[in-house]
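Biologist: Hello! Could you take me through this model, one question at a time?

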Amino acid sequence: MTSPSQIRLRFAPSPNGYLHLGHAYSALVNDALVRALGGVLLIRMEDIDLERCKPHFETAIMQDLEWLGVRFDSDILRQSDRFDAYGETIAALWAMDLVYPAFWSRAQIKAFVNDKNDWPRDPDGSPFYPGPERTWSRTEKESEIRSGKPFSWRLDIDAAIRRTGLKEADIWGDVVLARKDTPASYHLSVVVDDAFQNITHIVRGQDLAPAASLHSLLQTLLELPTPRLAHHRLILDDEGRKLSKSDGSTALYHLRDEGAGVEDIKRMIGFSDEEAERLATQFT
C-alpha cells in the first residue's frame with residue numbers, strides 16, 4: 001500500500017518509435033529527482049494508439065532505459081489495458097453534462113475555419129470546435145448518438161469552468177477527450193492514470209506546461225488529486241526544433257550502435273545530477 005507521504009514519480013513514453021535524446025534527458029531527470037526527493041519511479045506505456053504502438057518498440061524502450069541506468073519500482077502499466085477505466089470516466093462526465101458528442105469531422109472543421117485567420121486555437125494548434133452540438137438538448141444529443149454516426153466526445157469547457165472556477169483552462173476550448181477509434185485523449189488518460197498510480201510529483205517537458213490548466217480542471221471535475229508539477233527544458237535539434245522520433249540520428253539505439261556510452265549521452269544533452277537537484281526545488 002502507498003504511504004500517504006511517499007513521493008511517486010512516473011516516466012511514461014509512447015511505444016510508437018525509439019527513444020531519442022529528449023526522452024533520455026527526461027528519463028534521467030526523473031531518475032535523479034527520485035533519488036533527490038527520496039521516492040519511487042514508476043513506468044507507464046502510453047500505448048492507446050494501437051495502430052502505431054508496437055511491442056518491439058516497448059522492448060527497445062525498456063532496453064534503452066536499462067542501459068541508461070534508469071530503474072523502476074513497478075511493473076509496466078499499459079494504457080491499452082485501461083480502456084474500461086477511460087470509458088467509465090467519459091460516462092461520468094456525460095452524466096454530469098460536462099461532455100457532448102461532436103459529429104463534425106476533421107475535414108469539416110478545417111473547411112469551416114480555413115479562411116478565418118482570427119479563429120481561436122488551443123496551445124496544440126487545434127482550432128476551437130465550431131460545431132453546434134454543445135447547444136443541443138440532451139434528447140437531441142442522445143438521438144444522434146443512437147443514429148450510429150461517428151462522433152468524438154468533447155469537453156464543454158464553459159460548463160467545466162462554471163463548475164470549478166478554473167478560468168485559465170479556457171485557452172483549450174472544447175477539447176476532444178475520446179474518439180471512436182481512440183478511447184481516450186492524452187489529456188484524459190494521463191489524468192486518470194496518474195490518479196490510478198498515485199502519482200504525487202510530475203516532471204515533464206516545457207512543451208507540456210500549457211496542459212497544466214486543462215489537467216487541473218479535469219482533476220477537479222473528477223475529484224482526483226493534483227500532483228505537484230515541474231517542467232524541464234527541451235532537447236532541441238540544430239535548427240532549434242523539438243526532437244522527433246522520425247529522426248533516427250538522435251535515437252538511442254542508433255547512437256549506441258555508433259559506439260556512444262551513457263556518459264557520452266549525458267554530455268550530448270548537458271545532463272547532470274546537480275541540474276536535476278535544482279529542478280527539484282520547483283517542488284519545494
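Modeller: Happily; what follows is a short round of questions and answers on a predicted model.

Biologist: Lovely. What is the radius of gyration of the protein?

Modeller: Let me start with the make-up: the secondary structure comes to 11 helices and eight strands. For 284 residues the globule rule gives 19 Å, and the protein comes close to that, so it is as compact as a globular protein of that length; its radius of gyration is 20 Å.

Biologist: And what share of the contacts with a separation of 6 or more comes from residues 24 or more positions apart?

Modeller: For context, buried residues make up 46% of the 284 residues. Among contacts with a separation of 6 or more, the share from residues 24 or more positions apart is 78%.

Biologist: On to the rings. Which geometry do Trp104 and Phe112 have as an aromatic pair?

Modeller: The structure holds 12 aromatic pairs, so there is plenty to choose from. A pair of aromatic rings is described by the distance of the centres and the angle of the planes. For Trp104 and Phe112 the centres are 5.6 Å apart and the planes are at 65°. Planes over 60 degrees apart count as edge-to-face, so this pair is edge-to-face.

Biologist: Is Phe112 buried or partly exposed?

Modeller: Lys116 lies over the face of Phe112, at 4.2 Å from the ring centre. The relative accessibility of Phe112 is 30%, and buried would need under 20%. Phe112 therefore counts as partly exposed.

Biologist: Which residues form one aromatic cluster with Phe151 and Trp153?

Modeller: Phe151 and Trp153 are themselves an edge-to-face pair, because their centres are 5.2 Å apart and their planes at 85°. Trp153 is buried, with a relative accessible area of 15%. The residues that form one cluster with these two are Trp94, Phe103 and Trp136.

Biologist: Which ring does the charged end of Arg82 sit over?

Modeller: The charged end of Arg82 is 3.9 Å from the centre of a ring. That ring belongs to Phe196.

Biologist: Last one, on helix α10: within what arc do its buried residues fall?

Modeller: Helix α10 spans residues 262-269, and its buried residues are Val262, Ile265 and Ile269. What covers them includes α1 (21-37), α2 (55-68) and α9 (252-257). Just after α10, Gly270 takes a positive phi of about 65°. Seen down the axis, the buried residues line one face of the helix, because they fall within an arc of 55°.

Conventions:
Residues numbered from 1 in each chain as written. Predicted model: local features only at pLDDT ≥ 70, side-chain atom pairs only at ≥ 80, totals over all residues. Heavy atoms only, no water. Phe/Tyr/Trp six-rings, centres within 6.5 Å; stacked < 30°, edge-to-face > 60°. Buried < 20%, exposed > 50% of the residue type's maximum accessible area, 1.4 Å probe, protein only. Lys NZ or Arg CZ within 6 Å of the ring centre and 35° of its normal. Helix = DSSP H or I, 4+ residues; strand = E, 2+ residues; numbered from the N terminus. Arc of directions from axis to C-beta. Contact = heavy atoms within 4.5 Å. Rg over C-alpha atoms; globule rule 2.2 N^0.38 Å.
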